[in-house]
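Hello,

I am passing on the structure we talked about, and I hope you enjoy looking through it. Below it you will find my notes on what turned up.

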Amino acid sequence: MSIDLKQLKYFLAVAEEKSFSRAAERLHISQPPLSQQIMKLESELGVRLFARTTRSFELTVAGKALMHEAADLLGRMRMTIDTIRQIDRGEVGRLRVGIVGSAMWGPIPGLLEQFQSQFPRVTWTIHELGPNDQWDALRGRQIDVGFWREPRIDEDMLKNAGLRQELCFREEVCVAINAQHPLAQQDAIELIDIANEPMLTLHLDQSAEPRYLIQCCVNAGFQPAIFQEAAEPQTLLAMVGAGLGVALMPATTSRIGWPGVRFLPVRTNPPSANLYITYPTQDDAPVVRAFLKILNPAGEP
């Protein structure tokens with residue numbers, strides 16, 4: 001049996017118009033090919049769809065049944081086509097976003113709000129993971145995009161993993177210091193000013209970021225004395241507030257107004273805390289494309 005949607009569309013037009021001539025006008029075709037398609041449909045089905053006499057033109061019982069089924073089928077097909085097009089535009093689907101914790105104190109919440117506003121039928125989830133875990137999750141297709149900070153991943157590593165990384169938000173590092181510390185009275189400090197202070201940092205084996213910040217201190221002329229390591233930025237700030245040491249944090253961290261903590265800009269050559277987005281280069285997921293359009297990456301530094 002060879003029945004196509006065009007035949008059903010033609011049949012439905014004739015059934016609704018109760019006239020071959022009016023149906024032909026509606027379909028913008030001539031009447032002979034329309035009649036031929038209806039006859040072919042009847043032949044394929046092995047039933048009569050219309051009862052024709054010189055004075056009447058009525059649907060048979062089989063024709064009435066086909067009219068309802070064809071209308072339902074064509075309606076569902078239109079909905080299917082519309083859904084497929086929405087999926088291709090990234091308007092329907094699922095987006096799994098990996099982030100480092102500090103990213104939620106910056107522009108990411110606003111970005112997600114904008115994405116949800118423009119693509120309300122996309123379901124998105126946040127996965128708070130360190131850079132190393134995000135790296136593994138991206139390669140394992142467990143998340144679709146990942147956000148983490150400096151240092152930027154080596155291009156060869158990205159290429160070998162089938163990933164691409166782009167700068168999306170520029171930011172600098174500031175010094176989180178106890179509000180009662182003498183340095184806290186200044187508007188800005190040099191990195192060398194904290195050379196003798198106990199350093200609080202994220203776990204050194206969690207990602208390259210804390211090692212990068214230590215190297216920034218070395219470049220500024222001192223080897224920091226690591227007093228404690230922690231898994232979360234909030235833990236570092238709690239220790240700073242307790243007067244246990246200082247921590248290097250992204251500048252947007254200051255938005256949360258942590259009790260007992262001041263955030264001081266670094267006056268000369270402040271380390272970068274740029275935020276990057278990483279995503280698979282071979283994954284043609286429409287929701288990722290839609291998200292990247294919202295993001296509008298800033299490009300290379």
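Before the details, one term: two strands count as paired if DSSP finds at least two bridges between them. Please also keep in mind that this is a predicted model.

Let me start with a pair that uses this term. Strand E12 (residues 275–280) and E6 are joined by 6 bridges and run antiparallel. Within that pairing, Leu-163 has Pro-280 in E12 as its bridge partner, and Gln-165 stands opposite Thr-278 of E12.

Both strands belong to an open sheet of 5 strands with mixed pairing, in the order E4-E3-E5-E12-E6. Which strands stand at the edges of this sheet? They are strand E4 (122–128) and strand E6 (163–169); each has a single partner strand, so one side of each has no neighbour in the sheet. On average, neighbouring strands here are turned by 25° against each other, direction ignored.

An edge position might make you wonder about the surroundings of E6. Is E6 largely enclosed or left open by the rest of the structure? It is largely enclosed, because 5 of its 7 residues are buried; buried here means under 20% relative accessible area. A helix also lies across this sheet: H10 (residues 286–295) crosses strand E3 (93–99), E4, strand E5 (145–149), E6 and E12, and runs at about 55° to E3.

Now to the other sheet I wanted to show you. It is open as well, with 5 strands in the order E9-E8-E10-E7-E11 and mixed pairing. Strand E9 (225–230) and strand E11 (261–265) are its edge strands, each pairing on one side only. From one strand to the next, the twist averages 35°. Inside this sheet, strand E7 (residues 173–178) and strand E10 (residues 246–250) run antiparallel and are joined by 4 bridges, with Val-175 opposite Leu-248 in E10. Helix H8 (residues 208–220) packs on the sheet, where it touches E7, strand E8 (198–202), E9 and E10. The direction of H8 makes about 150° with that of E8.

Finally, have a look at the surface. Leu-5, Leu-73, Met-77 and Ile-81 form a nonpolar patch there, with about 270 Å² of accessible area together. Which helix gives the most to this patch? Helix H4 (residues 61–88) does, with 3 residues. Ile-81 lies in H4 and is partly exposed, as its relative accessible area is 35%.

Happy exploring, and write back whenever you like.

Best wishes

Notes. Residues are numbered from 1 along each chain as its sequence is written. This is a predicted model: local features need pLDDT of at least 70, side-chain atom pairs count only at pLDDT 80 or more; totals for chains, interfaces and linings use all residues. Side-chain values use heavy atoms; hydrogens and water are left out. Patches are made of residues with over 30% relative accessible area and no salt bridge: like charges are joined within 9 Å, nonpolar side chains (Val, Leu, Ile, Met, Phe, Trp, Tyr) within 5 Å. Accessible areas come from the Shrake-Rupley method with a 1.4 Å probe; for residues, only the protein chains shown count as cover. A salt bridge is a side-chain nitrogen of Lys or Arg within 4 Å of a carboxyl oxygen of Asp or Glu. Helices (H or I, at least four residues) and strands (E, at least two) are DSSP runs, numbered from the N terminus. Buried means under 20% relative accessible area, exposed over 50%, partly exposed in between (1.4 Å probe, protein chains only). Axes are lines fitted to C-alpha atoms, for helices over the stretch in contact, and angles run from 0 to 180 degrees between N-to-C directions. Contact means heavy atoms within 4.5 Å.
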